Every structure is written in structure tokens, then in C-alpha cells.
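Let's take a walk through the strands and helices of this one. Have the viewer open while you read.

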Amino acid sequence: MSQQEELQNTLAPYDSGEEGISIAELLHIFRKRFRWFVIGLVLVVGLAVGYLQIAVPQYESQVSVLVEPIQRSSSFESLLDVSASTTKIATEVELITSRKNIEYALGTLDLSSYHNSDGIDYRSKEVLGNVKERIVVSTVKDTNIVRIAVTDANPAFARDFANALAASYDSLLTGIAKNSKTAQREFIESQIPINDRELSKAGDALGDFRENSDIIQLTDKSSLLVEQISYYTLRLEPLKLQLKESEVFIDSYNASLKQAGIDGVLTLEQIKNDSVIISKLADLSAWKTELTMYESLSNPARNTATLAPSTTLDSSSRTYVISSAISQVTKELLNRVASLTKKYANEANTQAIVQALTTEVGIQVLEKRGAVFVEELSQLPVLERRLSELQRDVQIYEAIGLKLREMLEEVKLTEAAVTGNVTVVDAANLPLNPVSPNKLLILAVAMLLGAAIGLLLTLGIETLDVSIQSEQQIQKIVGKDVPILGWIPMMKVSDNDKYPTLSVYNDPLSFESERFKLVANMLYNKTDKKVFSITSCAMAEGKSTIIGNVALALAQMGSKVLVIDGDLRLPSMERYFRLKHREIGLVDFVTKKTRLEDCLIQPFENTPTLHLLPPGNAPLVPAAIFSNPRYIQGLSYLENLYDFIIIDAPPLESASELLSISKHVDGLIITVRAGITSKGSLYDLVSNLRTANAPLIGFVFNGVIPGTTSSYGYGYGRGYGYGYSAYRYGYAQGQSGSRKKSKSHSRRRSTSWYRKRYKQDLRNRGKISSEQFDPILAFGEHAEYRTLEAWAQEHATTHSTAFTEARTSVFADLPPSKVESKPASPQQKPKAVLPAVELDGLGAIEKDPDAVGKKQEE
């Protein structure tokens, strides 16, 4: 696997945006952002309560009526079947809310007797409003019962207007019913004379023909031929429409395929030219021809209205055999067409093609059979054909005339019997309780909606917070192959502490110092690694605090530790140890070839195994210092003398020398500040380090607020700590013998409060002056040891590698340089207790009495 593929696989969860979330994390987010949930819930519920306060109560009154349908308007089909009626009353229901019906109902009411809450009567259009919007019409399923509901702020108006609507609706439907019957009667009366004239003309034409042609009646053969021609004509028309429909569907489907860029689409003509299709169509034509002959003989041809064959198929009959054969051939056609069009056609297209082919065969068969009868009829005498046509016309007009007269009598009776179409089943009553607003329903919906909005608001705020809150988020960004070396709680410091935030020095038995010692033990167990560099994503994320405490913890464990301040732009280690800036340091060693003994200082008088290499004078190009061969050789030399070397490296976003530093270390550690370090900056840093093949060995999660920015909690330290009693660990005993109890915190600060204070103090960082002390040289005339070799031999440990006495040639010829600083004297030692001064702006957060991570009281 290439380096680029490994990087993509490691950072896949963050890069793809597929950060999963567990139920536990969701509950933790909910607890942490609970106030936003409460804000959303209170906001929605408050709006609902406000609406209930200003909403005007609405009353509903309902009337139930039975509606008889209006007879259909006159048409030629309804005249032929006047008994056909419908039970659907959709048209009648729509007429209830018509403008004519509403205006008529309002006209029957005395609007001056109804008033709103302000005492204004309903004659005002502003007060009356749009009454149509307050009318609801519904029907009872499978019945002709209609319910008319009217809603209004005045209960009396709602009742009276509902009853008025029912009464006006009855009058409206009665008038419409009478008008429709009258129009139907007038239409029938107008058609009877027309039909009589046509019948008279047909009768005169038939009489004249008989008188002039000397023909008494048609032969049986001519009558049969005419009936057969009519039968085939009626069969052909629907088949032609069906063929046309199939061809349009096929052409449209093929066009859409061509527009989509699909090649090889066969047209209907190309499919017809297939040899298998031609053979199957020929078989189908033969079978259909024989079946048509049987159908024409058995069909009651004298009833030309019958379009479909009425042949009863029996398993032993010939027609059953023919139909089975046609079905088999059709199935074979379907299979063949499917095989030809399987690359692009769907089932509907295949069915359409087969339908077009079979329908075309059916049309051809019927046309051939019809042509046979037409040819036979044409061979009969012309007089017989003419007589048959005239007789048919007379019969048609006679039948229509008889039917019209029967219908006219029925319509007259119906018109005379028309009464009201609406019957009131249940009259509207005066409503006592308002139907809206429904307070319980609105409050219940508001609670649910508020909870949903509150939850969305909570998740939204959490999504907008791009800072890292937990170890799980770190692992999702960098992968689980890079471990978390430990987490450090946000500490509470005291003004009386000699070194603020240096917990390992101030209180070695505190919970905070144990967290630093855990990180130190993690490094101590890496026997194959000695040189470490600690960096961060941005400034002021706790590098100096972690370096100082871890280095001191390693020194207290008996290891020789060297801290190199590699942040040449903004050095902080001297200020962290409350030492005055020294002009001789790392830069002078590399550029001016100053001896290492003249550069190293000892931060603590009582800890001789901990040394600090300050930066010295600021260089023009900081990155060039760490690429200088003298720095590389010097670091290799120091590696043989010290058990651990910890380099304070600047953030990559502020300085590029981090990549140069990482090339010559055994392990790179990244400090992540809880609630401050953003996911994007950590992703960018890890991505750049992996691209540069930096030896990333772990992370330190700093500034954790248990229960707020993470799921961490104290296992001890809050009421339980290390106490010496008979050389064993136990509860710390007070003078009275009772167990010491730590004070519980009154409240926990939120992440937003923490970030706000952090940024505010970050802007003020460096503005506060504090008392600093003269540095103590680790080597020299006034020191216990003059050279590094002598000191290293004296403090040799089993953890260190074999000591190499021979110095590198690059240091052998270096002349001793004068040290500008004065030798250490007893007067230069730090005082035991310092005045209460703020040493660092960030300490303001940790000095808060409610800060989490309180030390065990002494």
C-alpha cells in the first residue's frame, strides 16, 4: 500500500464526513447542550401559549340533510335509457358552497342581530368576513347524507346560518331539478316532429320504389349478405383503433430510446421482416380465418350491436381447438419478439409489438372475409339491394319514434312530480363549547414540536462547534493506530504556588500530577525512543505545561532529561520556569559554536537531572537552525548523555520548522486542547505530518473538563487521594481522624464559557508582568559539574544507553567561551513564597473557584 493510500484510509472517517455517532455520544451531547433543548422547548411552548391568549374562540354548528340527485341533463344516450340514473351527488354537494346559495341564505337572516366581541353587527363586511371559508361540507360514505358545518365566533350565527344554508339549498336544487326536466321535455318534443318527417320520407321512398320496381321482397340470401357485411364492419372499427394505439406507443418508445443514445432499436417493420415472425404470422392468419368463419355463422348477426363473438367454446368443439392454437402461436410470437428486443425493450413494449402484429392479422382476415360478402352482394340485382336499404331506414325511424313518445310521457309525469331534493335530517343546534382553539391539542403538539426543535437546535449547535470534545473525536480524525497517551484535566492553581500549573512540583500527590506522571510513564516505557518533540495545532494549547510537568516527572523518576525550547519565534519555557531570558542558547550553539555547557541551565536547584536549553538570540531564519548539521550532530551527541530529550516545537500553522524538527526525533506528540482545538486544524496537521513521514506516536488531550467537554470523571482526587499511613495508600487522615472531604463544586462551567474566557485571556497573554529569577547554569566553575560527561557519568541510569566518552570531533576543537551570566549564588535562589501575582493570562480560567480539576487540599 502506498503512503498516499495509507493516509486516505487513516483519515477516511473525517475526510468523507461519515462521522458516526453512538447512543452514548448522543446522550452526552444532549446533556451537555441541554439548555439549548430547553430554549427550543420553552420558545415553542411560549408561542403556543401566546397564541392561545390572543386566539378568538370559534364555535361550530352542524346540520345533516338527505340529498336526492338531480337527473342527468338531456343527451341522446339518456333519452334512449331514461331509467339510468346515478347515486353520486358530487355536483349537488358542490352547489352548497356556491355563491348563489350563500347569498340567498344570508339574505334570509337578520344580520343586524348578530354581533362580534367588539359589539359590531354582522352587516359590516369586515366583521362578516369570508363565510365560504368557514363552511365545511362532508358526505357520509355510501350514502346521500350531507353534513354542513359552519364555524364562527358567534354561536347563534353559526347555528342560524347552517339552517339557512340547508333551506336555501333545498330551494336551489328544486329549481335546478324542474329546469332540467323541462329542458328534457322540450328536447323530446322537438325531436318527435323531426323523426316523423324522416319516417315519412323513408316510407314514401319505399312505397315509390315498390310501385316502380315491381319487387315484392328481398331474397333470403341478400338479407344474409347485408347482415354479414354489417357484422364485419362493426368488428373492424375497434381493431383499427387498437392497431393505431399500439403503433403510436411503439413509435414513442423507440424515439425515447434513440434520444437516450441507445443503438440497435428495431422498428415494427424490421420485426415483421424476421423470418420466424413471418412464419408465425402466416400460421396465425390461417387459424384466425377459420375461427372467423365459425364466428360469423354462429353470431346472432341480426343483432348488429353485438361486437364480440358469442360462441360457446367446448373442449370437444373445433372452435376450442382453433382458439388454443391461436393462443400458442401468440405465445411463440411473444417469445420471439422478446428475444429480438431483449437489449432495450421492457415488457410493455414487447406486449405492444405483439398486439400490433396480431391485430393487423385480425384486420386483414376480417377485411378479406368482408370483401367476400361484398363481392357476393354485388352480384345480386341492384333492385334487391336498394329495397333492403329502404326497409332498414323505415324500421329505424319507426323504432326511434316509438321510443321518443314513451319517453315524453314519462318526462311529463316526472316534471309534474318534482318536489324538494333536500330533506333535513338533523337541524343545527346552538353550540356551547368552542371547537377552536383546542388548548390541550395545541399544547401537546407544542410540547412535541418544541422537543423536536430543541433537539434539532441542540444537534445544530453541536454541529457548529468544530472544536474537539472527546478522545473519540480525535480517533475518528486520525485513526485508532495513533494512541492517546493520556488526558490532562483543566487545573486550578493557587497564587501561592511557586510555579503555576506545574502540578508535579507544587503538589506531587495531586490528581493532576498523576495525570502528568501517566504520560511520563508512557514515554518511559518506550525504551527504543529517547528524543521526543511536543507540538500543537495552534498557540497556547498547553505545550509548555505538558513539557514542564512531564519532564519534571521523568526527572523525579531518576532519568536525565533535557528540555529544548525549539519555539524560536515565541519561546515560552524560560517564562514557564519563571527564569529571565538568557542571551546564550540553542541559536548560539548552532551559529556561534558556543559550548553546550555554556548554554544549559538548571531550572530547579533540587532537581539536577533536569536541564533546559533555551533558544538564546532569535535567528533570522528559524527553520535553518534545525537543518544545520551542527544541530543534528549536537542532538545526536546529547542523545548519548540524556535519557530523554523533549523539544518544544512551534505549531505548524505558525512555523514551518516543525517539519525540520520532526526529522530528527524518535517520536512526535501532539497536544490537543479540549474545547479549543478544531477538527479541521487537527486534520490538517496530521495530514501534513503523515505526508512528511513524521514519527507521530501519540496525542495528549489537555484541558479536559470532566462532565462538560468530555465523558471523563475523577476516579479519585475529589475526596480521595494519596495519603501516607503505615507506608500504604489510603484515605488522607485529618487531625480528628475523619476522612477529608473535598468541597463539591457549586456548578460546572459550560464549553462556551470556557472558550470565551480562553480567547479573552489569550488576547491578554503577555501583558501581565511577573517576578522572574536569574537562571542557574548547569555547568561551570561555580556549578557542581564542569562538563556534560562528568555529570552524565555521575547520574548514569539503567534506562540510558551506553555512555560514549569520546566526543564528536565537531565539539573537540571548540574553545571554551565565556559565559555572560553570573554564577549562581544563594541570593539568586527563588523565594519559598511569592506574592499573589498573575503569571499568565490563561491562569485566570484555572483560578476560577468553580473550575473543574481542583487539587486536593493540603
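Two strands pair if DSSP finds at least two bridges between them. With that in hand, strand 5 (residues 484-489) and strand 11 are a pair that runs parallel, joined by 4 bridges. One thing to keep in mind throughout is that this is a predicted model.

Strand 11 is a good place to start. It spans residues 696-704 and is mostly covered, with 9 of its 9 residues buried. Toward strand 5, Phe 701 of strand 11 is the bridge partner of Trp 487. Strand 11 also has strand 10 (residues 667-673) as a parallel partner, and there 6 bridges do the joining. In that pairing, Gly 698 of strand 11 is the bridge partner of Ile 669. Strand 10 and strand 11 also belong, along with helix 26 (residues 679-691), to a right-handed β-α-β unit.

Zoom out and you get an open sheet of 7 strands, with parallel pairing and the order 5-11-10-6-9-7-8. Its edges are strand 5 and strand 8 (610-613), each of which pairs on one side only. From one strand to the next, the twist averages 20°. At the strand 8 edge, Val 561 stands opposite Leu 610 of strand 8.

What about the other sheet? This open sheet has 4 strands in the order 2-3-1-4, and the pairing is antiparallel. Here the edge strands are strand 2 (135-139) and strand 4 (422-426), each pairing on one side only. Neighbouring strands in this sheet are turned against each other by 30° on average, direction ignored. For a residue-level look, Leu 66 has Thr 423 in strand 4 as its bridge partner.

Here are some strand pairs from the two sheets, side by side:

| Strand pair | Sense | Bridges |
|---|---|---|
| strand 5 and strand 11 | parallel | 4 bridges |
| strand 10 and strand 11 | parallel | 6 bridges |
| strand 7 (residues 561-565) and strand 8 | parallel | 4 bridges |
| strand 1 (residues 59-67) and strand 4 | antiparallel | 4 bridges |

Now for a helix pair. How do helix 4 and helix 16 pack? Helix 4 (residues 34-54) and helix 16 (residues 439-464) have their axes 7 Å apart, at an angle of about 150°. Angles over 145 degrees count as roughly antiparallel, so helix 4 is roughly antiparallel to helix 16. The crossing of helix 4 past helix 16 is right-handed. Sorted by class, their contact has 20 nonpolar, 4 polar and 1 charged residues.

Notes:
Residues are numbered from 1 along each chain as its sequence is written. This is a predicted model: local features need pLDDT of at least 70, side-chain atom pairs count only at pLDDT 80 or more; totals for chains, interfaces and linings use all residues. Side-chain values use heavy atoms; hydrogens and water are left out. Buried means under 20% relative accessible area, exposed over 50%, partly exposed in between (1.4 Å probe, protein chains only). Helices (H or I, at least four residues) and strands (E, at least two) are DSSP runs, numbered from the N terminus. A crossover is right-handed if, with the strands pointing away from the viewer, the path from the first strand over the helix to the second runs clockwise. Axes are lines fitted to C-alpha atoms, for helices over the stretch in contact, and angles run from 0 to 180 degrees between N-to-C directions. Angles under 35 degrees count as roughly parallel, over 145 as roughly antiparallel, 65 to 115 as roughly perpendicular and the rest as oblique. A crossing is left-handed if the near helix is turned anticlockwise from the far one by less than a right angle, and right-handed if clockwise. Ala, Val, Leu, Ile, Met, Phe, Trp, Tyr, Cys and Pro count as nonpolar, Asp, Glu, Lys and Arg as charged, and the others, Gly among them, as polar.
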